[in-house]
Amino acid sequence: MAFFAKLKENLKSVKERWSGGIASLFTGEPFDEFFWSELEERLILGDVGAVLSERIVEEMKREAKKRGVSTKSDLKSIFVSEIAGRLAAVEGMGQPFTVDDPPLVLLMVGVNGSGKTTSAGKLGTQFLRQGRQVILAAADTFRAAATEQLQIWGERAGVRVIAQKPGSDPAAVAFDAWQATRASSADVLIVDTAGRLHAKHNLMEELRKIHKVLEREAGADRIRTVLVLDAVTGQNGVAQASTFHRILPLSAVILSKYDNTAKGGIVLPIACDLKIPIRYIGLGEGIEDLSPFDPVEFAAALMEGDEENREENREKNRSGGDLK
Ligand SMILES: Nc1nc2c(ncn2[C@@H]2O[C@H](COP(=O)(O)OP(=O)(O)OP(=O)(O)O)[C@@H](O)[C@H]2O)c(=O)[nH]1
Ligand SMILES: [Mg+2]
């Protein structure tokens, strides 16, 4: 329950900064062209992207006409179902990984500092709590402190970490870790990798090599490539996701640092344009702070600000203040 409350609280803070502005558009009076252009603008400001924002607004217009809706408040449910529907249409959206045929291999990828190591630790903890035996692979051999950081996570979670010395071949670490997974009949192997800029060809090739080794040893069906995307990145995150997806098809996005972002609209282009499911969101730095992404709750939370805004307006009315 605390977990759910935290998610709600987090979505609330997102709403206050971005979607609060969206919710306040949907009050009372009949709508006009100005309403639609304002809505489109706010979607764009929230990282939804220009083309997709326009498409969402067009679809809403069509739906409003079809249903004969004439007031802004009546448009709310159309908006919520438009957003939730688009997100939920992506296979796997909001669904945590399951270990149906162990061992499951998760390859964590992403740009520098996106939250890969932290997310690997959080995921390891969740699997452990499900009674699964987990192994973490420190395949970030680039940064000297990286292995140590993963080992700290491993200790905290009570998970075994397979590592080699700094500078060694990350694909060799992945190979070793797979052998250890097999030898100990572990259920889940989580491979942490070094941060890499998606635009750097040689670094992306290195990633491909790690994947190739795992694929050869474990078989493609067991491997899930997981992009950890910093929610604060904004529109550049879409470019990141698109490039990683082209190099190695992604099974999931973990949207990290959701607690830090002023926006949240990036989930829409990731889902609608790239068709990658957002399976989890990171809600803080602690081991507990990873939650499945809930598309319906996300969409509904965008409208929750409305109640508060109305209350605020009522308050201003009572004190004779300006409603604006
Ligand atoms: N607030 C918040 N901070 C997070 C979250 N996830 C990770 N962080 C923080 O982000 C920073 C970077 O996290 P790491 O897990 O080291 O990122 P990384 O992708 O492994 O970084 P590199 O290995 O250097 O590429 C750390 O200070 C984490 O505590 C999150 O969901 N919320
Ligand atoms: Mg790391």
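Which residue in E6 is the bridge partner of leucine 227? In this predicted model, the bridge partner of leucine 227 in E6 is valine 253, and that pair offers a convenient point of entry into the sheet. Five bridges join strand E5 (residues 223-230) to strand E6 (residues 252-256), and the two strands run parallel.

The sheet to which these strands belong is open and has eight strands, which follow the order E3-E2-E4-E1-E5-E6-E7-E8 with mixed pairing. Strand E3 (160-162) and strand E8 (290-292) stand at the edges, and because each has a single partner strand, one side of each is left without a neighbour in the sheet. From one strand to the next, the twist averages 25 degrees. Strands of a sheet pair through backbone hydrogen bonds, in either a parallel or an antiparallel manner.

Elsewhere in the order, strand E1 (residues 104-109) is joined by five bridges to strand E4 (residues 188-193), and these two strands run parallel. Within this pairing, methionine 108 has aspartate 192 in E4 as its bridge partner.

Returning to E6, five of its five residues are buried, so this strand is largely enclosed by the rest of the structure. In a regular strand the side chains alternate between the two faces of the sheet. In E6, Ala252, Ile254 and Ser256 point one way, whereas Val253 and Leu255 point the other way, and all are buried. Val253, the partner of leucine 227, is thus placed together with Leu255 in its direction from the strand.

Two helices can now be set against the strands. Helix H5 (residues 116-129) lies across E1, E2, E4, E5, E6, E7 and E8, and runs at about 170 degrees to E4. Helix H6 (residues 144-157) lies across E2, E3 and E4, and runs at about 165 degrees to E2.

The two helices also meet each other. The axes of H5 and H6 come within 10 Å and cross at roughly 25 degrees. Because angles under 35 degrees count as roughly parallel, H5 is roughly parallel to H6. The crossing of H5 and H6 is right-handed. On the H5 side, the residues that meet H6 are Thr117, Ala120, Gly121, Gly124, Thr125 and Leu128, while H6 brings Ala146, Gln149, Leu150, Trp153, Arg156 and Ala157 to the contact. Sorted by class, this contact of H5 with H6 has six nonpolar, five polar and one charged residues.

Key: Residues numbered from 1 in each chain as written. Chains lettered and ligands numbered in written order. Predicted model: local features only at pLDDT ≥ 70, side-chain atom pairs only at ≥ 80, totals over all residues. Axes fitted to C-alpha atoms, helices over the stretch in contact; angles between N-to-C directions. Helix = DSSP H or I, 4+ residues; strand = E, 2+ residues; numbered from the N terminus. Parallel < 35°, antiparallel > 145°, perpendicular 65-115°, else oblique. Left-handed = near helix turned anticlockwise from the far one by under 90°. Contact = placed C-beta atoms within 7 Å. Nonpolar A, V, L, I, M, F, W, Y, C, P; charged D, E, K, R; others polar. Pairing = 2+ DSSP bridges. Buried ≥ 20, exposed ≤ 12 C-beta atoms within 10 Å, placed from the backbone.
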